[in-house]
Amino acid sequence: MDYRIGVIAGALVLAGCDLFGGGGVSEEQRGDGTDTIELAEFPDRPYWGDTHLHTDVSVDAFGFGVRLGPEDALKFARGEEVTATTGMSAQLDRPLDFLVIADHSDAMGATRRLYDAPRMMVRDPTLRRWRDMMHENPDQSTRAVAELITAAANDEIPEALRDPERQAKATRELWDRHLGLLDRYNEPGTFTAFAGFEWTLMPGGNNLHRVVMFRDGSAKTGQVLPYPGIDGEVTGLWDYMDSYEQSTGGKVLAIPHNSNLSNGMMFEFSGPDGGPMDADYARRRARHEPVVEVTQIKGDSETHPFLSPNDEYASFGVAGWELGNLPLTAKSTPDMFAGSYIRSALLRGLTLEQQMGENPYAFGLIGSTDSHTSLATADDDQFFGKHTGNEPRADRAMAAQNLGTRQGRFGWHYLASGYAAAWARGNTRAEIFDAFMRREVYATTGPRMVVRLFAGFDFGESDWEGDWVRAGYSRGVPMGGDLVDDGRAPTFLVSALKDPDGANLDRVQIVKGWVDANGAEQEKVFDVAWSARPMDAASNSPVPPVGDTVNRSEATYENSIGAAQLRATWTDPEYRRGQRAFYYVRVLEIPTPSWVLYDAKRFGLTLPKEVVEANVIQQRAYSSPVWLRPRRIPGDAPPIMQ
């Protein structure tokens with residue numbers, strides 16, 4: 001028996017136990033929030049959150065130096081001031097609405113235990129050396145963890161860190177304490193604290209990580225332990241999720257992330273054994289993984305210029321991360337990109353659905369930080385770095401990275417990204433989780449733009465004059481929905497509002513992907529709304545660039561260009577009956593400074609010109625897609641294009 005299954009089975013015996021006692025935590029805080037607050041008739045606002053935050057419990061985060069734990073993370077996300085590990089005051093300008101602390105399930109808390117252990121008790125020479133390095137200074141501690149990550153990628157972790165019984169005992173203690181803390185900070189209607197962890201599958205250093213997110217409070221989540229998985233199989237994670245749901249009646253989902261570092265393995269055409277993917281595998285994947293993380297600190301995974309040569313905005317967040325896998329132990333080649341980026345995965349999903357009737361890659365899109373500082377911030381003007389080794393300091397932008405070979409990646413390649421927005425009827429575990437399950441969610445690279453998308457067949461300009469949200473729900477489907485082809489071209493209601501504290505908007509685009517009559521995957525980007533601007537006859541683009549107000553040396557910009565709001569009623573001019581297609585919205589802000597230019601101003605840096613220009617960026621939002629599907633008759637074979 002796989003020892004992990006044994007751990008799960010043993011943990012399930014605890015069903016029904018009151019793990020945390022009263023402690024002043026109400027029943028409402030302990031549960032999923034159902035019937036605790038009055039709900040809106042429709043999802044009436046986006047709730048903002050981060051589903052991917054690490055604290056000192058994560059084996060790498062502690063080694064990198066973070067000394068802030070889960071309670072500091074919760075306080076920070078709720079808007080309270082905390083002191084960062086390196087001593088600076090840290091506080092969000094605007095609190096978040098929800099948070100998933102996603103500490104690594106593998107070796108949970110192990111580096112802290114190693115750090116605290118008496119040296120003479122550490123017998124393994126590698127572990128003793130790593131312990132000494134962590135005590136020596138922050139740079140050596142970071143190097144120790146870089147070695148640990150590389151060892152994990154090469155399946156060379158010392159046995160002492162692999163002892164399943166010892167680790168399960170330590171994880172149980174940490175997990176129980178953590179769940180009690182989450183319930184204490186969970187306040188239906190005000191702030192939602194989700195239980196979760198990161199499952200860290202990494203064959204050969206290729207990133208196949210998933211964040212696992214529970215809908216439930218401690219009464220259910222306390223019946224299991226986080227599932228480890230550096231050397232497992234994704235079907236093992238799904239088995240764990242199925243076991244949890246069947247045993248507790250709860251709900252859980254998984255979120256793939258950093259597909260850009262998977263070297264083509266995250267969204268493969270084939271099945272796990274290298275043969276053709278079968279319908280059961282595709283169905284399981286779609287059910288367990290309804291959303292993916294498209295943007296975060298370690299780059300943006302929407303698409304790549306090699307895959308989307310006609311998309312002039314395809315290179316965002318690619319630099320440095322396109323070179324290879326997570327520890328850079330294996331280089332990337334262009335033939336891998338289609339399995340590493342979201343847009344091509346959505347296209348592959350259409351092809352697979354046409355072949356076997358199931359789409360494994362029909363996912364919604366979110367962003368989250370993957371911060372290892374306990375500080376969930378995606379704001380460029382207060383970027384606290386990937387980990388405490390690059391919290392604000394003068395040399396972080398140009399510093400080579402300390403993972404793997406350290407070739408080709410530098411601090412300025414990090415993005416201060418991203419956040420998840422969930423359209424929900426209220427701020428509870430149940431409402432926000434269910435928004436994730438129906439894919440009514442979207443991603444931003446940090447700014448809190450308000451983006452709505454409805455698709456139907458009879459929308460018109462007159463809908464904007466009335467209750468267009470009600471029209472959207474009653475006569476169409478929202479982002480994340482399926483639209484069944486009825487022989488008419490689909491029409492979309494698209495609305496985008498700027499972040500009230502941020503930059504104006506440049507344009508709204510709809511990205512369409514489809515499979516043509518020859519079975520070839522196609523994509524096209526349509527500009528559907530844009531701010532007023534002088535037309536430029538010399539430009540190759542139908543819509544010329546919005547302009548640039550960024551003062552590079554002062555790290556400022558002016559909202560003298562762009563628009564505060566953009567909206568459009570758009571009908572696909574290239575619709576073909578029976579064509580499988582997806583449509584998602586991309587909203588671009590006007591150019592603004594990235595965190596690198598804020599650093600340059602703060603520390604008086606002189607940066608290379610190419611670094612300065614690369615850090616005048618257009619922040620963006622990605623909606624979840626709407627899928628146009630051919631009508632199916634029960635009992636028919638999978639439909640084909642007409």
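This is a short tour of selected helices, strands and sheets, stop by stop, for you to follow in your viewer. The model is predicted, so keep that in mind as you go.

**Stop 1: helix α10**

Start by selecting residues 234-248, which make up helix α10. Turn the helix side-on and place a distance between its end C-alpha atoms: they are 21 Å apart. That agrees with expectation, because 15 residues at 1.5 Å a residue should span 21 Å.

Is this helix mostly covered or not? It is mostly covered, with 11 of the 15 residues buried. Among the buried residues of α10 are V234, L237, W238, Y240, M241 and Y244, along with the acidic pair D242 and E245. Now step one residue past the end of the helix to G249, which follows α10 and has a positive phi, near 80°.

**Stop 2: the neighbour α11**

Keep α10 on screen and add residues 279-288, helix α11. The two axes come within 11 Å and cross at roughly 60°. An angle between 35 and 65 degrees counts as oblique, and α10 and α11 are therefore oblique to each other. The crossing of α10 and α11 is left-handed. To see who touches whom, show side chains for V234, T235, W238, D239, M241, D242 and E245 on α10, and for Y281, R284, R285, R287 and H288 on α11. Several of these α10 names will be familiar: V234, W238, M241, D242 and E245 are also buried.

**Stop 3: the sheet beside α10**

Next, bring in the strands that α10 lies across, namely β6, β7 and β8. They form an open sheet of 3 strands in the order β6-β7-β8, with antiparallel pairing. Which strands are at the edges? Select 196-199 for β6 and 252-256 for β8, each of which pairs on one side only. Looking along the sheet, you will find a twist that averages 20° from one strand to the next.

Zoom in on β7, residues 210-214, which is joined to β8 by 5 bridges. A handy landmark here is M213, which stands opposite L253 in β8.

Two helices are worth displaying against this sheet. Helix α10 runs at about 155° to β8. Helix α13, residues 429-437, lies across β7 and β8 and runs at about 55° to β8.

**Stop 4: strand β13 and its two partners**

From α13, move on to residues 441-444, strand β13. Show the side chains: V441 and A443 point one way, Y442 and T444 point the other way, and all are buried.

Which residues pair with A443? In one direction, A443 is the bridge partner of A420, where β12 (residues 419-424) and β13 run antiparallel and are joined by 4 bridges. In β24, the bridge partner of A443 is Y622. Select 620-623 to see β24 whole; its pairing with β13 is antiparallel over 3 bridges.

**Stop 5: strand β17, well enclosed**

Now select 491-497, strand β17. Of its 7 residues, 6 are buried, so the strand is largely enclosed by the rest of the structure. Add β14 (residues 450-456), which pairs with β17 in the antiparallel sense over 7 bridges; label R452 and its bridge partner S495 to find your bearings. Then add β20 (residues 565-571), another antiparallel partner of β17, also over 7 bridges. On that side, T491 has T571 as its bridge partner.

**Stop 6: a mixed sheet**

For contrast in pairing, display the open sheet of 3 strands ordered β10-β9-β11, where the pairing is mixed. Its edge strands are β10 (299-300) and β11 (364-367). Strand β9, residues 291-296, runs antiparallel to β10 and is joined to it by 2 bridges. Label T295 and D300 to mark one bridge pair.

**Stop 7: helices α4 and α8**

Finish with residues 70-77 for α4 and 164-185 for α8. What is the angle at which their axes cross? It is roughly 20°, with the axes coming within 10 Å. Since angles under 35 degrees count as roughly parallel, α4 and α8 are therefore roughly parallel to each other. Their crossing is right-handed. Show P70, E71, L74 and K75 of α4 with H178, L181, L182, R184 and Y185 of α8, and you have the residues that make the contact.

Definitions and conventions
Residues are numbered from 1 along each chain as its sequence is written. This is a predicted model: local features need pLDDT of at least 70, side-chain atom pairs count only at pLDDT 80 or more; totals for chains, interfaces and linings use all residues. Side-chain values use heavy atoms; hydrogens and water are left out. Buried means under 20% relative accessible area, exposed over 50%, partly exposed in between (1.4 Å probe, protein chains only). Two strands pair if DSSP finds at least two bridges between them. The expected span of a helix is 1.5 Å times one less than its number of residues. Axes are lines fitted to C-alpha atoms, for helices over the stretch in contact, and angles run from 0 to 180 degrees between N-to-C directions. Angles under 35 degrees count as roughly parallel, over 145 as roughly antiparallel, 65 to 115 as roughly perpendicular and the rest as oblique. A crossing is left-handed if the near helix is turned anticlockwise from the far one by less than a right angle, and right-handed if clockwise. Contact means heavy atoms within 4.5 Å.
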